[in-house]
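Me: I keep meeting terms like "salt bridge" and "buried", and I would love to see how they are decided. Could you go through some with me?

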Amino acid sequence: MNVCKVFVPYGALGTGISDEAFENGMALNPDIISVDGGSTDSGPYYLGNGKCKYAREALKNDTRKMIVGAHQHNIPITIGSCGTCGVDDGVDFMEEICREILEEEGFSAKIVKVYTEQSVDVMKDKLRCGKIKPLGTRVEVNEEILDSCSHIVAAAGTEPFIKALKDGADIVLCGRATDTAVLACMPIIMGCNEAAAWHGAKVCECGPLCSTNPQNGGIFMTVDETGFEVEATASDSTCTPYTVSAHLLYENSDPFHLVEPGVVIDTSKAVYTQLENGRVRVENSSIKKSDVYTMKLEGAGPAGYQTITLVGIRDRIIMKNPLGWLENLRAFAQSKLDRLGYDNTRYSFSLRPYGYNAVYGGDVPKGYVPNEIGVLLTVTADEQELATQIAKVMNPLLLHFEVEKNRPTPSFAFPFSPAEVVKGKIYEFKLYHVVEMDDPFELLRMTTVEIDGKGGKA
Amino acid sequence: MATIGETAYYVRSKNAGPFMVTVDIFCGEKAIFEKLSASKSITAEKVAEVYHVRPEEVKLFHIPDLNVIKISYPRELPQGQKYERDMHAGQQYVQITKLEV
């Protein structure tokens, strides 16, 4: 019987694992260590400017554990969505980290890099051929939108990982990839049940989040020819049919039909069984091969510059009607800005009362009077200096705006000097589409780097 | 009259990609799942009203194996737009807990 054991030490590279949970995972003799390195979850900034969300030292520490563990067991590593957003620089950034570790440890390794960043011109050709399709009801795409993206990535499926591993890669570093593909590739190579490989990967893509106590990290997936099993590697955590099946709810808008490059996973008839020692077995997953191979596109581009100001308010009269007072302040500020000649097509601002209704925006319970609120001014403008100047115009109002007519001038509570905080360039998501293609490798570029450390193979 | 928050075991919300939000209502017990499912307190129309979307954009899943009712809906504006209120949509479930059963 074909069996493949996949160790997933982290929900995302950079989030860490306890030494005990890592050693427990390695003691189960995995065939591969696989981990997802990124996501769009933290917003458009990371894809927009191509920067990584996690601290470099955290990434290096987690990667070192994987490289050293893999070296000792002579097994490969797959890392997807390098550098959070999976742009080409993210892949090279992870290569640099791997290179440092290999040199420090004295290992040699063959690294295969998979680039998934897309040029606007290629995407325009795809658009003209009708090969870019929206994933939702509220998104559109045209050439102007493509031009406005600073980075576009396509999420790779299992194909480049399978090719790289078959070519003898010790470390596969991929740009944007579906979290699932990173984990499903090795079980597919080893002849396991493909539906189980995909479904298991979907369960384990966030690492220990499918277990009872995710804090210390580590999940282990064993795929065979009829199903898969999941277990937590931290001794204080366990898996139950509930935690495993409920994880499919997390961050998925449809928990039963999950679209991946080339396949749709159907988990609706899956059967979850509790085994001994906190393991869960899952059978009866299915997949349907897609008629057309698609990859998901993500794109983000600049949306201006922001400067913010935070001010604290406890005044008892204002607390009775913060929204009314803020509306008076907003209208007064707008007329002052207009009077000063600022072009209102070049900037906008919002005033949000934290501690009142800032997070949702709707009504508050009847009679609610807060103890204090924090008013957040956010100014967005087409230039940074303009955003700061607008915030500066509003500074004296945020400090002293009248509570009521004919009352003495109040002063409110700034926590900072200067009160204005330059937030820098901001970005927006622009694409939520799939791109169709005949060949899974059409939009990918793969390169191999041999790193010659002093010792044996990683 | 009890609210969903008082009736269900646990309710959470999270972004599902940059353009969708998903809310999971964990009922805990079968009886509560059946009560909430039968009560018509959670319909596409009610969800649409709470989140300012169109009823046909709301997806509802009743999952008896987990005693979970799941709601997915599109964001009014994409995640991280310049005046975002909740980047990970992690606090948007609270409005659903206020609906009456």
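Reply: Happily; we will take the terms one by one. This is a predicted model, where local features need pLDDT of at least 70 and side-chain atom pairs count only at pLDDT 80 or more, while totals for chains, interfaces and linings use all residues. Residues are numbered from 1 along each chain as its sequence is written, chains are lettered from A in the order in which they are written, and side-chain values use heavy atoms, leaving out hydrogens and water.

Me: Why is the link between Asp41(A) and Lys14(B) called a salt bridge?

Reply: A salt bridge needs a side-chain nitrogen of Lys or Arg within 4 Å of a carboxyl oxygen of Asp or Glu. The closest N and O atoms of Lys14(B) and Asp41(A) are 3.5 Å apart, so the pair qualifies. Across the interface of chain A and chain B, the rule finds two salt bridges.

Me: What makes up the contact between chain A and chain B?

Reply: With contact meaning heavy atoms within 4.5 Å, chain A gives 38 residues and chain B gives 37 residues. Together the chains bury about 3,300 Å², 55% of it on carbon and sulfur atoms; buried area is the accessible area (1.4 Å probe) that two parts lose on being put together, summed over both. Arg138(A), Leu249(A) and Tyr360(A) supply 22% of the area that chain A buries against chain B, more than any other three residues.

Me: Why is the pair of Trp325(A) and Phe412(A) called edge-to-face?

Reply: Rings of Phe, Tyr and Trp (its six-membered ring) pair if their centres lie within 6.5 Å; planes under 30 degrees apart are stacked, over 60 edge-to-face, and the rest tilted. Here the centres are 5.3 Å apart and the planes 75° apart, so both tests are met.

Me: And what makes Tyr356(A) and Tyr368(A) a stacked pair?

Reply: Their rings are 5.7 Å centre to centre, with 25° between the planes, so the pair counts as stacked.

Me: How do you know whether Trp325(A) is buried or exposed?

Reply: Buried means under 20% relative accessible area, exposed over 50%, and partly exposed in between (1.4 Å probe, protein chains only). Trp325(A) has 5%, so it is buried. Phe412(A), at 10%, counts as buried too.

Me: Why is Tyr368(A) called partly exposed?

Reply: Tyr368(A) has a relative accessible area of 32%, so it falls between the two limits. Its partner Tyr356(A), at 17%, is buried.
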